[in-house]
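Here are some short exercises for getting to know a new structure. Try each task yourself, then follow the solution step by step.

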Amino acid sequence: MDNAQYNKVFGIGFHRTGTTTLDKAFERLGFSNWWFRTRGSSQLKAIIAEFKQKEYTTIRGIIDTHQAFTDNPFFFPHFYEWLDREYPASRFILTERNSTNWFNSCQRYFSGKRQTHLTYPMIYGRQGNYDRSNWIEVYERHNAEAKQYFGDRLLVVNWENGDGWDKLCSFLECPIPDRDFPHLNSSIIDRESV
């Protein structure tokens, strides 16, 4: 990425849309990547507290020391607008999947995980259970608004539909690695395909 014509790369797709796959792809492409599950889970409470105040000290420190990012907090509502202003000439990638598959995956994955409930009010507007219609409406609105905001500056990928190195590397202007594309959590994709 050192010679790239862009600043940072932000994955702004919701959780359970292939953010693990995107993180691993960033790693295989040689990016200094940050994904909260491997590097930032201990910082989540501080990040959420700062988001509530629209104060981004912790996340700014993370962004300034890495090149590529995905998952929490980068898909938080309209945070991509701040990222776009603060880090001009960056690239943005929206990972998406079938809405029903996405919701079912969230319900299975997050059930009983207390720490993730910290983010629910920020994302879904309320604490508590998995309200299918609310979650899907928020998810689909986020995707539509991101697409409208960025237009052709946004790469939209859907691993369920077979997107991989060709699309990603073309957008990032980097050579395709001589390695298989890291379709992680593929058992989820196989089980949920419509």
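K54 is found in the loop between α3 (44–52) and α4 (57–64), where helices (H or I, at least four residues) and strands (E, at least two) are DSSP runs numbered from the N terminus. Before you start, note that this is a predicted model: local features need pLDDT of at least 70, side-chain atom pairs count only at pLDDT 80 or more, and totals for chains, interfaces and linings use all residues. Residues are numbered from 1 along each chain as its sequence is written, and side-chain values use heavy atoms, with hydrogens and water left out.

**Exercise 1. Find what sets the backbone of K54 and D71 apart from the usual picture, and say whether each residue is buried or exposed.**

Step 1: Look at phi. K54 has a positive value of about 55° although it is not a glycine. D71 isn't a glycine either, yet its phi is positive too, at about 75°.

Step 2: Check the surroundings. Buried means under 20% relative accessible area, exposed over 50%, and partly exposed in between (1.4 Å probe, protein chains only). K54 has 66%, so it is exposed. D71 has 0%, so it is buried.

Step 3: Place D71. You'll find it in the loop between β3 and α5. P73 lies in that loop as well, and the peptide bond from N72 to P73 is cis, with omega near -5°.

**Exercise 2. Work out how the rings of F14 and F75 are arranged.**

Step 1: Recall the rule. Rings of Phe, Tyr and Trp (its six-membered ring) pair if their centres lie within 6.5 Å; planes under 30 degrees apart count as stacked, over 60 as edge-to-face and the rest as tilted. The structure holds 30 such aromatic pairs.

Step 2: Apply it. The ring centres of F14 and F75 are 4.8 Å apart and the planes stand at 45°, so this pair is tilted.

Step 3: See what the pair connects. It links distant parts of the chain, 61 residues apart: F14 is in the loop between β1 (9–11) and α1 (19–28), and F75 in the loop between β3 (68–70) and α5 (79–86). Both F14 and F75 are buried.

Step 4: Try another one. F69 and F74 also form a tilted aromatic pair, with 5.2 Å centre to centre and 40° between the planes. F69 is buried at 0% relative accessible area, and F74 counts as buried at 0% too.

**Exercise 3. In what order do the strands of the sheet lie, and which are the edge strands?**

Step 1: Trace the order. Five strands form an open sheet, β2-β3-β1-β4-β5, with parallel pairing. Two strands pair if DSSP finds at least two bridges between them.

Step 2: Find the edges. These are β2 (33–35) and β5 (154–157), each pairing on one side only.

Step 3: Zoom in on one pairing. Three bridges join the parallel strands β2 and β3, and N33 stands opposite A68 in β3.

**Exercise 4. At what angle do α1 and helix α9 pack?**

Step 1: Read the geometry. α1 and α9 (residues 165–172) pack at about 60°, with axes 12 Å apart. Axes are lines fitted to C-alpha atoms, for helices over the stretch in contact, and angles run from 0 to 180 degrees between N-to-C directions.

Step 2: Name the arrangement. Angles under 35 degrees count as roughly parallel, over 145 as roughly antiparallel, 65 to 115 as roughly perpendicular and the rest as oblique. α1 and α9 are therefore oblique to each other.
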